Amino acid sequence: MIKYLGSKRTLVPLLAEIVGGLGVESAADLFAGTTRVGQALRRAGTRVVSNDTASYSEALGRAYIEADGAVDRERLRRLIEHLDALPGVRGYVTETFCERARYFQPENGMRIDAIRAEIDRVAGSEVERGLLLTSLLEAADRVDSTVGLQMAYLKRWAPRAAKPLQLREPAEVEGPAGRAVRCDANELDEQLAGIDLAYLDPPYNQHSYFANYHVWETIVRNDAPGHYGIACKREDVRERKSAYNSRRTAWAALSGLIERLPTPWLVVSFSNEGFHDLADVRLLLADRGYVGEVAVDSRRYVGARIGIHNPAGERVGSVSHLRNTEVVFVCGPHRGAVERATRAAA
Ligand SMILES: C[S@@+](CC[C@H](N)C(=O)[O-])C[C@H]1O[C@@H](n2cnc3c(N)ncnc32)[C@H](O)[C@@H]1O
C-alpha cells in the first residue's frame, strides 16, 4: 500500500467494526485515497463505491474494489512478468523526476517510463489497466526517495531508492465487487442512489493532496505536463484546488455535502487539528439523525515525528506535540443502532 498522508491505516479496524455494527449492505467511500477503508468494508461483505478526485486513487479502486473473480489472474501474472523484464527507456519520468528532481534513481525512472508506456498497449480492460497501474505505483513507492510526500525529495538518497524497481501482483480482495469512480464528492449525488452509507474522510487543512502526490497523478495520467519549481509539480497544481483545502470554502463544501447526501447512514472522520470545530460538525450531523462518536488518540503523521527541519535539512526546534485526536462520528435514523455501533467500537 502506498505511503499516504491521512491514510486511515490505524482506524481501519474501528471503521469496519462500526459499519459492520450498523448492518448495512452498501457503502460509498467518498474520499477514498489509498482505498484502505473501502477494502476493509469489502472484506466485511459490504458492496463499496470508491470515489476520489485523484487518478491514482481511481487506479487503486479498480484494483482493490472493482476487480473480481472475472480477472484472469494467470494472464495478469504473465503481463506483470513481461512488464518487469522490459529494458528502461529515457522518457518524461526519467527527465523530470530523476534528472531535474530526484524522486527516483534514473535506472528505476527509465523502467517506470518503459512500463507505463507498455501498460496502455497491453491492458485488455479498465480493471486490468487499474491492476497494472497499481502494481507500478506500489513498486515505485517502494523505491522512492521522499518522506512520503512529493512536495520535496530527500537531500540525500533514501537507501531504498538504490533497490531495483520490482513489480508485484496486487493482492486479491475478498468480498462483493464494487465500483471505482473519480468525481468531486459534492457532485456525486445521483451515483449514490440506493447506497446505505457514506464514509467521509475529507482533507481537513490547507495541504493539497493533488500537490502532495503529483508524481503518482502524473504516472497514472501519463500526460507529460509542464511543471514548475524544484519539486517539478504539475502546472495544473496551481489551478486545481479542492474546496476542502481552504478555510474560506471548506465549511460550505462539507455542510453542502452532508445536507444533500441521499444515504441514510453517515460515518465521518475528523481530526482535532483541522479547520472545523468538532462541535459544529456534531451539530451539522444532528440535523440528519442520531449522532454517536468515538474518539481515537493517534500518532501524528511521519513529518511531525521526525521533527522540524530548515531549508538546509538541519533539525530546528522541537515538535510541539506528537498526538492528535481523531473523532469518528456515526449518524443515522436509528438511535439503538448508532449506540450499539459506537459502543462496540469503543
Ligand atoms: C484524508 S485523504 C483520504 C484518505 C483515505 N481515507 C485513506 O485511508 O487513504 C482525503 C482524500 O480526499 C481527496 N479529495 C480532495 N478533495 C476532494 C473532493 N472534492 N472530492 C473527492 N475527493 C477529494 C484527496 O485526493 C484525498 O485522497
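Which residue caps the N-terminal end of H11? The first legend below gives the answer for this predicted model.

**View 1. Helix H11 carries an N-terminal cap and a buried face.** Asp277 is the capping residue. One of its side-chain oxygens lies 3.0 Å from the backbone nitrogen of Ala279. The helix itself spans residues 278-286. Four of its residues are buried: Leu278, Val281, Leu284 and Leu285. Seen down the axis of H11, the buried residues fall within an arc of 115 degrees, so they line one face of the helix.

**View 2. The ligand sits in a shell of 20 residues.** Tyr4, Thr34, Asp52, Asp201 and Ser242 are the closest of them. By class, the shell holds 9 nonpolar, 7 polar and 4 charged residues.

**View 3. Lys8, Thr34 and Thr53 make polar contacts with the ligand.** The Thr34 contact uses the side chain: a polar atom there lies 2.6 Å from a ligand oxygen. Lys8 contributes a polar backbone atom, 2.8 Å from an oxygen atom of the ligand. Thr53 also contributes a polar backbone atom, and its partner is a ligand nitrogen at 3.4 Å. On its own, the ligand has 610 Å² of accessible area, and the protein covers 97% of that.

**View 4. Strand S4 is covered on both faces.** S4 runs over residues 197-200. Leu197 and Tyr199 are buried on one side. Ala198 and Leu200 are buried on the other. In a regular strand, side chains alternate between the two faces of the sheet.

**View 5. S4 pairs with S1 and with S7.** S1, residues 26-29, pairs with S4 in the parallel sense over 3 bridges. In this pairing, Ala27 stands opposite Leu197 of S4. S7, residues 265-271, also pairs with S4 in the parallel sense, over 4 bridges. Here Leu200 has Val268 of S7 as its bridge partner.

**View 6. Strand S2 is largely enclosed and pairs with S1.** S2 covers residues 47-51. Of its 5 residues, 4 are buried, so the strand is largely enclosed by the rest of the structure. S1 and S2 run parallel and pair over 4 bridges. Asp29 stands opposite Ser50 in S2.

**View 7. The loop between S1 and H2 holds Phe31 and Thr35.** Helix H2 spans 36-43. Phe31 has 15% relative accessibility and counts as buried, because the cut-off for buried is under 20%. From C-alpha to C-alpha, Phe31 and Tyr64 are 15 Å apart in space, and 33 residues separate them in sequence. Thr35 is buried too, with a relative accessible area of 0%. Its phi is positive, about 70 degrees, although Thr35 is not a glycine.

**View 8. Asn222 has a positive phi in the loop between H9 and S5.** H9 spans 214-221, and S5 spans 227-228. Most residues other than glycine have a negative phi. Asn222 is a residue other than glycine, yet its phi is near 55 degrees. At 41% relative accessibility, Asn222 counts as partly exposed.

Terms used
Residues numbered from 1 in each chain as written. Predicted model: local features only at pLDDT ≥ 70, side-chain atom pairs only at ≥ 80, totals over all residues. Heavy atoms only, no water. Buried < 20%, exposed > 50% of the residue type's maximum accessible area, 1.4 Å probe, protein only. Helix = DSSP H or I, 4+ residues; strand = E, 2+ residues; numbered from the N terminus. Arc of directions from axis to C-beta. Polar contact = N/O pair within 3.5 Å; in protein donor to acceptor, adjacent residues only side chain to side chain. Near = heavy atom within 4 Å. Areas by Shrake-Rupley, 256 points an atom, 1.4 Å probe, with all protein chains shown as cover. Nonpolar A, V, L, I, M, F, W, Y, C, P; charged D, E, K, R; others polar. Pairing = 2+ DSSP bridges.
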